[in-house]
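These are my notebook entries on a predicted model. I record below what I looked up, entry by entry.

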Amino acid sequence: MSGTADALGLIAGCGPLPLIAAREAKARGLRVVAVALREETDPALEGIADRTAWVSVGQLGALLRAFRREGVTEAIMVGKVQMTHLFGRIRPDLRGARLFARLRDRRGDAILEGVADELAKEGITLRPSTDFLGGILLGQGVLTRRAPTPAEREDIRFGREIARTIAALKIGQTVVVRRGTVVAVESVEGTDAAIRRGGALAKEGVVVVKASRPDHDFRFDVPVIGQSTVEALREVRGRALAVEAGRTLCLDREKMVAVADEGGIAIIAE
């Protein structure tokens with residue numbers, strides 16, 4: 001942290017990542033001020049953070065007031081927020097409504113970039129979430145007993161090019177491939193659902209590739225895999241999962257690898 005700041009703002013989405021980041025910040029002696037989303041965040045975060053303010057999706061003004069009250073000057077965003085909220089009954093507050101009205105489109109990165117700009121107007125710097133999640137970033141190598149076969153490697157090479165392209169378009173990060181054919185592209189449904197959709201179409205033997213765009217902003221939506229990713233791949237009798245080393249977070253690594261090994265699935269980070 002810079003200057004005299006001792007509080008870290010944590011904008012928390014769903015899943016375990018906000019809890020992991022909060023514990024890491026606390027271990028570094030920082031005071032964690034969390035803004036949790038009623039629709040998404042694990043209530044267990046309250047037991048870790050020093051302060052927790054609960055807001056609903058779209059309540060940007062309430063988020064900013066919570067940080068101002070606690071003197072937050074640096075913050076991170078951690079955890080996924082379902083884009084399908086856009087089609088539900090969210091009721092943004094005035095600041096949130098103004099932000100939505102200014103956006104050219106409502107792709108995930110466009111919204112998050114808008115939130116980062118609003119934070120900056122309040123003197124709050126948004127830091128890369130990986131600053132507090134570095135312990136679960138994947139390094140290079142084969143994680144499983146089995147490495148990809150030459151045919152699977154060819155699908156990985158092909159899929160990575162496509163995955164980086166759709167990531168650059170801010171559509172998604174994952175493609176499902178079989179024998180040089182793209183059978184599914186991730187959009188708002190998320191990785192696991194895309195795997196199941198692609199697997200149903202290809203019947204079996206799919207390869208899943210997850211990638212970020214070359215200029216990915218690590219303040220937002222860092223690629224994540226975990227046990228549920230591999231369970232989805234195993235359900236559709238998939239064969240391999242490829243991700244980018246140093247640019248992908250891994251949850252429950254031991255359990256994930258155990259599921260993969262039991263299913264004969266190869267996982268590689270490179």
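**Entry 1. Arg51 and its partner**

I began with the accessibility of Arg51: at 48% relative accessibility, Arg51 counts as partly exposed, because exposed requires over 50%. I then looked for its charged partner and found a salt bridge to Glu70, with the closest N and O atoms 3.5 Å apart. I noted that this pair links distant parts of the chain, 19 residues apart: Arg51 belongs to strand β3 (residues 51-55), while Glu70 sits in the loop between α2 (60-69) and β4 (74-78).

**Entry 2. Other salt bridges**

How many salt bridges does the structure hold? I recorded 28 salt bridges.

I next took up Asp261, which forms a salt bridge with Arg145, the closest N and O atoms being 3.8 Å apart. Asp261 lies in helix α8 (residues 253-262) and Arg145 in the loop between β6 (141-142) and α5 (150-168), so this pair ties together parts that are 116 residues apart in sequence. I checked the accessibility of each partner. Asp261 has a relative accessible area of 18% and is therefore buried, the limit being under 20%. Arg145, with 70%, is exposed.

I also looked up Glu152 and Arg146, whose side chains meet in a salt bridge at 3.0 Å, N to O. Glu152 is buried at 8% relative accessible area. Arg146 has 21% and is therefore partly exposed, since buried means under 20%. I noted further that salt bridges with shared partners join Arg68, Arg95, Arg102, Glu118, Lys121 and Glu122 into one network.

**Entry 3. Helix α5**

I turned to α5, the helix with Glu152 among its buried residues. Its 19 residues reach 27 Å from the first C-alpha to the last, close to the 27 Å expected at 1.5 Å a residue.

Which residues of α5 are buried? I listed Glu152, Asp155, Ile156, Gly159, Arg160, Ala163, Ile166 and Ala167. An α-helix has 3.6 residues a turn, so residues three or four places apart point the same way. I then asked what the buried residues of α5 pack against. I found β7 (174-178), β8 (181-185), β9 (207-210), β11 (240-243) and β13 (266-269). Just after α5, I noted that Lys170 takes a positive phi of about 60°.

**Entry 4. Helices α7 and α8**

I returned to α8 to examine its pairing with helix α7 (residues 227-235): the two axes come within 8 Å and cross at roughly 15°. That angle makes α7 roughly parallel to α8, because angles under 35 degrees count as such. I recorded the crossing of α7 and α8 as left-handed. On the α7 side the contact is made by Gln227, Val230, Glu231 and Arg234, and on the α8 side by Lys255, Met256, Val259, Ala260 and Glu262.

**Entry 5. Gly264**

Where is Gly264 placed? I located Gly264 in the loop between α8 and β13. Gly264 is partly exposed, with a relative accessible area of 24%. Not counting residues up to four places away in sequence, I found that Gly264 touches Arg146 and Arg239; Arg146 is the salt-bridge partner of Glu152 noted above. I also looked up the separation of Gly264 and Arg237: they are 27 residues apart in sequence and 9.1 Å apart in space, C-alpha to C-alpha.

**Entry 6. Helices α2 and α4**

I then compared the axes of α2 and helix α4 (residues 108-121), which come within 11 Å and cross at roughly 40°. That makes α2 oblique to α4. I recorded the crossing as right-handed. The contact is made by Leu60, Leu63, Leu64 and Phe67 of α2 and by Val115, Glu118 and Leu119 of α4. I noted that Glu118 is also a member of the salt-bridge network.

**Entry 7. Ile11**

My last residue was Ile11, in strand β1 (residues 7-12). Is Ile11 buried or exposed? I found Ile11 buried, with a relative accessible area of 12%. Leaving aside neighbours within four places in sequence, Ile11 is in contact with Val35, Leu63, Phe67, Ile76, Met77, Val78 and Leu119. Of these, Leu63 and Phe67 of α2 and Leu119 of α4 also take part in the contact between those helices. By way of a further distance, I noted that the C-alpha atoms of Ile11 and Arg28, 17 residues apart along the chain, are separated by 18 Å.

Methods: Residues are numbered from 1 along each chain as its sequence is written. This is a predicted model: local features need pLDDT of at least 70, side-chain atom pairs count only at pLDDT 80 or more; totals for chains, interfaces and linings use all residues. Side-chain values use heavy atoms; hydrogens and water are left out. A salt bridge is a side-chain nitrogen of Lys or Arg within 4 Å of a carboxyl oxygen of Asp or Glu. Helices (H or I, at least four residues) and strands (E, at least two) are DSSP runs, numbered from the N terminus. Buried means under 20% relative accessible area, exposed over 50%, partly exposed in between (1.4 Å probe, protein chains only). The expected span of a helix is 1.5 Å times one less than its number of residues. Contact means heavy atoms within 4.5 Å. Axes are lines fitted to C-alpha atoms, for helices over the stretch in contact, and angles run from 0 to 180 degrees between N-to-C directions. Angles under 35 degrees count as roughly parallel, over 145 as roughly antiparallel, 65 to 115 as roughly perpendicular and the rest as oblique. A crossing is left-handed if the near helix is turned anticlockwise from the far one by less than a right angle, and right-handed if clockwise.
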